[in-house]
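This report describes one protein chain, going from its overall make-up to single residues. Please keep the sequence and the structure in view while reading.

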Amino acid sequence: MVDRAHDFNNMTVALDGSIVSKSNEHIVAHGDSLELIARIPGNSVNLILTDPPYHSTKKANIQGDRNFEEDEHFLEWMESYAAEWKRVLKLSGTLYVFCSAQMSARLEVMMSKYFRPIAHITWTKPNEPGYDGWKGKMKKDALRTWYPHAERILMFEHGSYGSWEAYRRSPIGEYLLECRKKAGMSMIQLTEVIGAYGKVNRGGAVANWEAGRNIPSREQYEKLAAALEATGKIDAMLPYEDLVRPMNLSKDVEFTDVWDFMSVRPFADKHPAEKPQDMLIHMISASSYPGDIVLDCFCGSGSTGVAARRLGRKTVCIDIDAKWTDRASKEVADAKPGDEFTPVTRVHHAKGKRRTEEPASVIDSLFD
């Protein structure tokens, strides 16, 4: 596992003065996240998982949801974030952005100027009878379109659309091409050294890796790096984890782009946009390595940070509302690898009665 302590320490220094809670594994900072992200060193974050105001929902209890009169103003604001996210996200990093169905298409097009879209996920939010939010209160015969019950999650990686060659080449492909040329080796020479011959072309697997058609295994990359470094013409190559985007899925977990995680049920002092722990754990475990740094620029009550800590990741949580950073400070600081989710207060209201929810153990299997 690559040691992320150096990057994390640099972030702690950069955010000094805005931090309300910190350790060697977490930071909770209060302030305008766009201003604070600008202070974070470049190429230092492994995963960005964030839930900005949706704008189209216009909820009074979500700060920033009513800040923009026109859609274009909201998109311009989000583009400022996209530019900063591109700067701080490592080549192997993944970006997830929650958004409404109404804004998802325009956000995806705008953000494709900075990243390559790789998934458009629909979160269906199935809930138990009696708990379906505004859906149950809606006057159905007054609808002029289908009720917007689902939410969207846009997923991006580094890269861009363009020519066929540029589209296919991955960040690791670009990097390998640059290093091989600097080392003065041909594809054939490098292939002969590492023994990764192809069935068709003489450039073998190296040609496929550089073109982005597939990705070397960790063992293959180590052989390749050793061969290139042995020329004495390049410095130590980047670690595998900084080049290869993780995507850890199997038949035992949800692997399609339609997700059925239930919403967080109401409880005292619940954040109005709080996301369920099982969904956040699913995203973080699939798209990061143990010890990686997870950034949430709109952290609310800190659910993303809690999930990240439960999975043994480091986390940086930022929010503009002091009420929520106060709560996030405690919950993220208290979270430990392998823990169940035990927030400060979680009392449900159902049919006039109060009951405490027992947290489900959704994480044990990840540490088997």
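How many helices and strands are there in the protein? There are 12 helices and 11 strands. The model is a predicted one.

**Overall make-up**

The protein has 368 residues, and 49% of them are buried. Its accessible surface comes to about 18,100 Å², and carbon and sulfur atoms account for 51% of that area. Taking contacts between residues at least 6 apart in sequence, 72% join residues at least 24 apart.

**The sheet**

Nine strands form an open sheet with mixed pairing, in the order β1-β2-β9-β8-β3-β4-β6-β5-β7. At its edges are β1 (19-22) and β7, each of which pairs on one side only. Strands of a sheet pair through backbone hydrogen bonds, and the pairing is either parallel or antiparallel.

One pairing can be followed in detail. Strand β5 (residues 116-123) and strand β6 (residues 151-157) run antiparallel and are joined by 7 bridges. R116 has E157 in β6 as its bridge partner.

**Salt bridges**

The count of salt bridges comes to 18. Side chains of opposite charge can pair when their charged atoms come close. Three of the pairs are set out below.

| Pair | N to O distance | Relative accessibility, one residue | Relative accessibility, other residue |
|---|---|---|---|
| R87 and E84 | 2.9 Å | R87: 32% | E84: 18% |
| R245 and E157 | 2.7 Å | R245: 25% | E157: 13% |
| E331 and R327 | 3.1 Å | E331: 5% | R327: 12% |

Two of these pairs sit within a helix. R87 and E84 both belong to helix α3 (residues 71-88) and are 3 residues apart, about one turn of the helix. E331 and R327 are both in helix α12 (residues 322-334), 4 residues apart, which is again about one turn. An α-helix has 3.6 residues a turn, so residues three or four places apart point the same way. In the α3 pair, R87 counts as partly exposed, whereas E84 counts as buried. In the α12 pair, E331 is buried, and R327 is buried too.

Which parts does the salt bridge between R245 and E157 tie together? The side chains of these two residues meet at 2.7 Å, N to O. R245 lies in the loop between α9 and β7, and E157 lies in strand β6, so the pair ties together parts that are 88 residues apart in sequence. E157 counts as buried, while R245 counts as partly exposed. E157 is also the residue of β6 that is the bridge partner of R116.

Beyond single pairs, R4, D7, K90, D242 and D292 are linked in a network of salt bridges.

**N46 and its surroundings**

N46 lies in strand β3 (residues 45-50). Is N46 buried or exposed? With a relative accessibility of 3%, N46 counts as buried, because that value is under the 20% limit. The N46 side chain reaches the backbone nitrogen of I293 at 2.8 Å. Leaving out residues up to four places away in sequence, N46 touches R4, L89, K90, G93, T94, D242, D292 and I293. Among the members of the salt-bridge network are R4, K90, D242 and D292, and N46 touches each of these.

**Helix α11**

Why is helix α11 (residues 303-310) described as largely enclosed by the rest of the structure? The reason is that 8 of its 8 residues are buried. These are S303, T304, G305, V306, A307, A308, R309 and R310. The cover over the buried residues of α11 includes β2 (26-30), β3, α10 (277-286), β8 (293-296), β9 (314-319) and α12. Just after α11, G312 takes a positive phi of about 80°.

**A nonpolar surface patch**

M247, L249, V253 and F255 make a nonpolar patch of about 350 Å² on the surface. L249 is placed in the loop between α9 (218-229) and β7 (258-259). L249 is partly exposed, with a relative accessible area of 35%. The loop between α9 and β7 also holds R245, the salt-bridge partner of E157.

Definitions and conventions
Residues are numbered from 1 along each chain as its sequence is written. This is a predicted model: local features need pLDDT of at least 70, side-chain atom pairs count only at pLDDT 80 or more; totals for chains, interfaces and linings use all residues. Side-chain values use heavy atoms; hydrogens and water are left out. Patches are made of residues with over 30% relative accessible area and no salt bridge: like charges are joined within 9 Å, nonpolar side chains (Val, Leu, Ile, Met, Phe, Trp, Tyr) within 5 Å. Accessible areas come from the Shrake-Rupley method with a 1.4 Å probe; for residues, only the protein chains shown count as cover. A salt bridge is a side-chain nitrogen of Lys or Arg within 4 Å of a carboxyl oxygen of Asp or Glu. Helices (H or I, at least four residues) and strands (E, at least two) are DSSP runs, numbered from the N terminus. Buried means under 20% relative accessible area, exposed over 50%, partly exposed in between (1.4 Å probe, protein chains only). A polar contact is a pair of N or O atoms within 3.5 Å; within protein, one must be able to donate a hydrogen and the other to accept it, and residues adjacent in sequence count only if both atoms are side-chain atoms. Contact means heavy atoms within 4.5 Å. Two strands pair if DSSP finds at least two bridges between them.
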